[in-house]
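Colleague: Could you walk me through the interfaces in this one? I'd like to hear the reasoning as well as the values.

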Amino acid sequence: MENSLFYFFSVAMLSCALLTITCKNPVSSVIFLVLAFFSMAGLFVLLNAFFLAAVQVLVYAGAIMVLFLFVIMLLNLPAEEKRHRGWFGGAASIFVMVALMLELSFVAHHEKLASSPASPGIDGTTEDVGMVLFSRYMLPFEVASLLLLAAMIGVIILSRKEKK
Amino acid sequence: MNSSNILHVLNLLTPEIVLCGLAFGVLLLDIIFFRSDSVEHRHEQLGCSVIIGLVMVFFIYALQYMDWQNTFVVGHGAFVASRLNTLFKMAVVGLALITVVIGFKTPYSTHVGEYYGLMLFSVLGMVFLISSEDLLMIFIALELISLTLYVLTAFQKGARRSVEGGLKYFIFGGFSAAFLLFGLSYIYGATGHTSLREIAGALQGDQLAKVPMKMLGIGILFTLVGLGFKIAAAPFHLWAPDAYEGAPTPVAAMIATGSKIASFVALTKLLLIGLPAAAGSALSWPTRWHSGWAGTVAIIAVLSMTIGNFAAIMQTNVKRLLAYSSVAHAGYILVAIVAIQASGVPAPSAAPAIYFYIIIYALTNIGAFGVVNAIGSKAGGDDFEHFTGMARRSPYLSLLMLIFMLSLAGIPPLAGFFGKFYLFAAAVQADPKNLGLLWLVAYAIAMSAVSLYYYLKLTKQMYVLPAKDPRRVTSNPAMNTSLGLIGLMVLLMGVFPNKVVERFENLNANPYPIWEAAVPPPPQPEIPVPAPAEKPAVPAPAAPAPKS
């Protein structure tokens, strides 16, 4: 049961992610991205990380992506035109992709990995996450807030209309 | 974590907190007090405060360096405070100081406070990256550096090249971050730890049988790709020329020096502390070549040296030339990283040689970028033609450029020569009986002969060809003084290289005793901060104190 759910969510996530990139229409791209986030939340649940799954749905799939969707609809972006790629770039990327796929499947085949999804050491409740976040991972947590601040300042600077 | 521990951690983190406060202070000062002033005025005020603040941070680091004999580990290696790390942090803060001086009074944009604020955030990222020995912290610090540098690259919003460079840097950087994160997650998945020392512990002795090595291999491969982007090693260097060319010159200087130092320190730590057991070997192919990261790094080194040097020959823009030359220099450093575990045991001279070379390289490069900025802003561009006959138009700056170019090429009395000498000597000594790495060293020496051509081509442009425009080029006294000091340091480090290398060797008596010293044996109890306030000598017996 757990295994089949894992494969279901993985396949759903990967195909939604693929559709996000390949879709010509920006609105459907965003919708597929939301679906990909939902499947990821499913994977988190399988790992017992319930809090993470809830946050994933509430924050990413809910708040951020809805905002995204609004902006894209307000901007009224046209569907993307067909892009022309050089044959060399396409061939090279396909070659690299196939090589990586072969390598990964080789590893998956020869490595005796646990058959069930990884077993986490803790239950992913709010209490556990909070304990870890504010003891062992305190410093990375604080630095991440600086990272977000820097990103925010950067976005404001770059997207601002300059007065002439 | 009790309160005395928190206080101790805050004490360790003083300079970082000051740096953070400085960044906020600059942002707020600009908004509250200087909004209505002219851009030049704001640039002066804020630039001066940033310089004063950075000097202060530099001195706090200097005090810590003199004061400490121990290594302190916070949060399982998320922050490791040691003398070696402090030395690198001093270098990074010093380079940031020079960057601010270089960019002084050359406003690229009206957002002065944000320019300095983001620059300080970037320095903060570098400082945290240097002192982290934890996969999570390494990733966050790297992203802090990268995100700020993307924005700073595109800061000159009116200029097409700046925006293009920023966009390319962003797309490549985002892609590489995905690779890095994927790789790190595999390393975590294979070993079950994020702390580098715990990873090393999981790869020791009978523990090793439990680790899925092939999965770990994939993780290392992807991590190397991700970090390869950050250090601009071929074939992951494609963003570098455009970003260097388009970015405002001080920002390009920062990408080329501070962020390079931090990324190389992180790479060295990851491979040396975390994954020495997975090194394999790159000795005389094919008989003694074992799979591991050494072979991959050797291939990246060869590609970097080849592509960097041959592509640099064709450049006609000085900043692009410096970009390709930095690709080549990343290759030279990787040669020594291959050597570090070449014959199963750590090579004693390899790590100090790498550290020495990174410092020399950064110093020389920031000097070169400073001259490019001084000349470029007056002569109207940084193509070769703008540098024609510069020896007559500005003898002082040209002399400095000559010193920096010859040092980068590795001509004897200058620091660059000894940097390369130690680097290649370490690679040869890594396997003294069979000279297994001779193939790599011989190739590196051949490639540095090639590099002489393009460095001299620029020098010829400045010294031999006549000037078309006879007007003199001058720069402000602060810039002249600081560039002169850098030139002097490049000369002195060439005359007395042993003084600097000894320092690294002392801190590194057997390759990394100080880093090692702090570590309780791998399966450690859950103590986030192993050092009470009154008696800071708890973590481990002090490593050999470098008293000469």
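Modeller: Happily! Contact here means heavy atoms within 4.5 Å, and please keep in mind that this is a predicted model.

Colleague: Thanks! With that cut-off, how many residues of chain B are in contact with chain A?

Modeller: The contact rule is heavy atoms within 4.5 Å. On the chain A side, 26 residues meet it, and their partners in chain B number 39.

Colleague: Which three residues supply the most of the area that chain A buries against chain B?

Modeller: Let's start with the total: about 2,900 Å² is buried between chain A and chain B, and carbon and sulfur atoms give 81% of that. Within the part that chain A buries, one trio supplies 22%, more than any other three residues. Those residues are Arg136(A), Leu139(A) and Ile157(A).

Colleague: Which residue of chain B forms a salt bridge with Arg136(A)?

Modeller: The rule finds 1 salt bridge across the interface of chain A and chain B. A salt bridge needs the nitrogen and the carboxyl oxygen within 4 Å, and here the closest N and O atoms are 3.6 Å apart. The partner of Arg136(A) is Glu198(B).

Colleague: Which helix gives the largest share of the side of chain A that touches chain B?

Modeller: Two helices of chain A, helix 4 (87-110) and helix 6 (138-159), each supply at least two residues of that side. By class, the side has 18 nonpolar, 3 polar and 5 charged residues. The largest share, 13 residues, comes from helix 6 of chain A.

Colleague: Now to chain B itself. How much area is buried between domain 1 of chain B and domain 2 of chain B?

Modeller: Chain B is divided into domain 1 (1-132) and domain 2 (133-508), with 23 Å between their centres, taken over C-alpha atoms. In contact are 38 residues of domain 1 and 44 residues of domain 2. Carbon and sulfur atoms give 78% of the buried area, which is about 3,700 Å².

Colleague: Which three residues of domain 1 of chain B supply the most of the area it buries against domain 2 of chain B?

Modeller: One trio supplies 20% of that area, more than any other three residues. Its members are Ile102(B), Tyr108(B) and Leu129(B).

Colleague: And how many residue pairs are in polar contact between domain 1 of chain B and domain 2 of chain B?

Modeller: Salt bridges across this interface come to 0 by the rule. For polar contact, with both residues at pLDDT 80 or more, the count of pairs is 4.

Conventions:
Residues numbered from 1 in each chain as written. Chains lettered and ligands numbered in written order. Predicted model: local features only at pLDDT ≥ 70, side-chain atom pairs only at ≥ 80, totals over all residues. Heavy atoms only, no water. Buried area = accessible area lost by both parts, 1.4 Å probe. Salt bridge = Lys/Arg side-chain N within 4 Å of Asp/Glu carboxyl O. Helix = DSSP H or I, 4+ residues; strand = E, 2+ residues; numbered from the N terminus. Nonpolar A, V, L, I, M, F, W, Y, C, P; charged D, E, K, R; others polar. Domains from an automatic or database assignment. Polar contact = N/O pair within 3.5 Å; in protein donor to acceptor, adjacent residues only side chain to side chain.
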